[in-house]
Amino acid sequence: MHQQIYMQLYTGITVQPGQDLYLKDVARLEGEAESLRPLMSVHLYSISRTDKTHVVLDILTILQKIHKQFPEIDITVVGPEQTVIEVTIEKKLISPLMLVLVWFLLFTGAALAIMNFHEDVSMLAVHQKLYTLVTGKQSEQPLLLQVPYSIGLGLGMILFFNHVFKKRINEEPSPLEIEMFHYKKDIEEYLADTESDRSSKPWQSKLYSPYSSD
């Protein structure tokens, strides 16, 4: 009996070494419920430590494994034709000394960047002139402006990154998170174009395909 199934590959999949990948882990399926249940358990690939950090599965490999068990099913693919799977490796805990060292380096670098920016735009001279215009007096250190400006600078950074320590202020992504999203997407597109499908090693090219007519 002819069965029509629609399939869309997931993105942003993370797995651990030793984990077995099934169709339900990498794709969303749409069709009759009776047809979907056996499809969900189709085994696609086993993650090993030799896979390192990423594995690429393409749609042809997935269709091959599905049709090997269910040749009567007609599948229509919607969306991307490859999925990049990130292998998460358990990381060692960072020592307190290393944490303090990294924090110190980041704090020093950020402080120098802010001070250099203020020096480049002559922020002190701007505050002095603004103070003179408002009060009619001259001051080498116009704290009436510098203190609120420093507090506002810190609050602005908190709003910009949308985080107070680990707590998010609102649901909107911060500019840093958007940049990280685009960076991760670029990496996945690069890997999808350059990395070979690990589960189809015996026929990565037409020359080695068992179904090739050449």
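Which backbone oxygen does the side chain of His 163 reach at 3.0 Å? In this predicted model, the side chain of His 163 reaches the backbone oxygen of Phe 161, at 3.0 Å. This report begins with the chain as a whole and then returns to that region.

**The chain as a whole**

The chain has seven helices and 10 strands, and of its 214 residues 24% count as buried. Its accessible surface comes to about 15,900 Å², and 61% of that surface belongs to carbon and sulfur atoms. If one takes the contacts in the chain with a separation of 6 or more, 60% of them are made by residues 24 or more positions apart.

**Two annotated stretches**

The unreviewed UniProt entry carries the annotation "transmembrane region" for residues 97-117 and 147-165. The table sets out what the model shows over each of these stretches.

| Stretch | Helix | Strand | Distance between end C-alpha atoms |
|---|---|---|---|
| Residues 97-117 | 100% | 0% | 30 Å |
| Residues 147-165 | 79% | 11% | 23 Å |

**Aromatic pairs**

A pair of aromatic rings is described by the distance of the centres and the angle of the planes. The count for this chain comes to two aromatic pairs. One of them joins Trp 103 and Phe 107, whose ring centres are 5.3 Å apart and whose planes differ by 15 degrees, and this pair is stacked. Trp 103 and Phe 107 both lie in helix H4 (residues 96-120), and because they are four residues apart there, about one helical turn separates them. An α-helix has 3.6 residues a turn, so residues three or four places apart point the same way. Both Trp 103 and Phe 107 are exposed.

The rings of Phe 160 and Phe 161 have their centres 5.0 Å apart, and because their planes stand at 85 degrees, where over 60 counts as edge-to-face, this pair is edge-to-face. Phe 160 counts as partly exposed because its relative accessibility is 42%, and Phe 161, with a relative accessible area of 29%, is partly exposed as well.

**The end of helix H6 and what follows**

How far apart are the end C-alpha atoms of H6? The 19 residues of H6 should span 27 Å at 1.5 Å a residue, and the end C-alpha atoms are 27 Å apart, so the two values agree. Just after H6, Asn 162 takes a positive phi of about 60 degrees; this residue is found in the loop between helix H6 (143-161) and strand E9 (163-164).

Is Asn 162 buried or exposed? Asn 162 has a relative accessible area of 4%, and because under 20% counts as buried, Asn 162 is buried. Its side chain makes a polar contact with the side chain of Asn 170, at 3.0 Å. When neighbours within four places in sequence are left aside, Asn 162 is in contact with Lys 167, Arg 168, Ile 169, Asn 170, Glu 172 and Ser 174.

His 163 has its place in strand E9. With a relative accessible area of 25%, His 163 is partly exposed, whereas Asn 162 is buried. Not counting residues up to four places away in sequence, His 163 touches Ile 158, Arg 168, Ile 169 and Glu 177. His 163 and Ser 174 are 11 residues apart in sequence, and the distance between their C-alpha atoms is 8.4 Å.

Note on methods. Residues numbered from 1 in each chain as written. Predicted model: local features only at pLDDT ≥ 70, side-chain atom pairs only at ≥ 80, totals over all residues. Heavy atoms only, no water. Phe/Tyr/Trp six-rings, centres within 6.5 Å; stacked < 30°, edge-to-face > 60°. Helix = DSSP H or I, 4+ residues; strand = E, 2+ residues; numbered from the N terminus. Buried < 20%, exposed > 50% of the residue type's maximum accessible area, 1.4 Å probe, protein only. UniProt positions renumbered as here; feature names shortened; annotations may be inferred. Polar contact = N/O pair within 3.5 Å; in protein donor to acceptor, adjacent residues only side chain to side chain. Contact = heavy atoms within 4.5 Å. Expected span 1.5 Å × (residues − 1). Areas by Shrake-Rupley, 256 points an atom, 1.4 Å probe, with all protein chains shown as cover.
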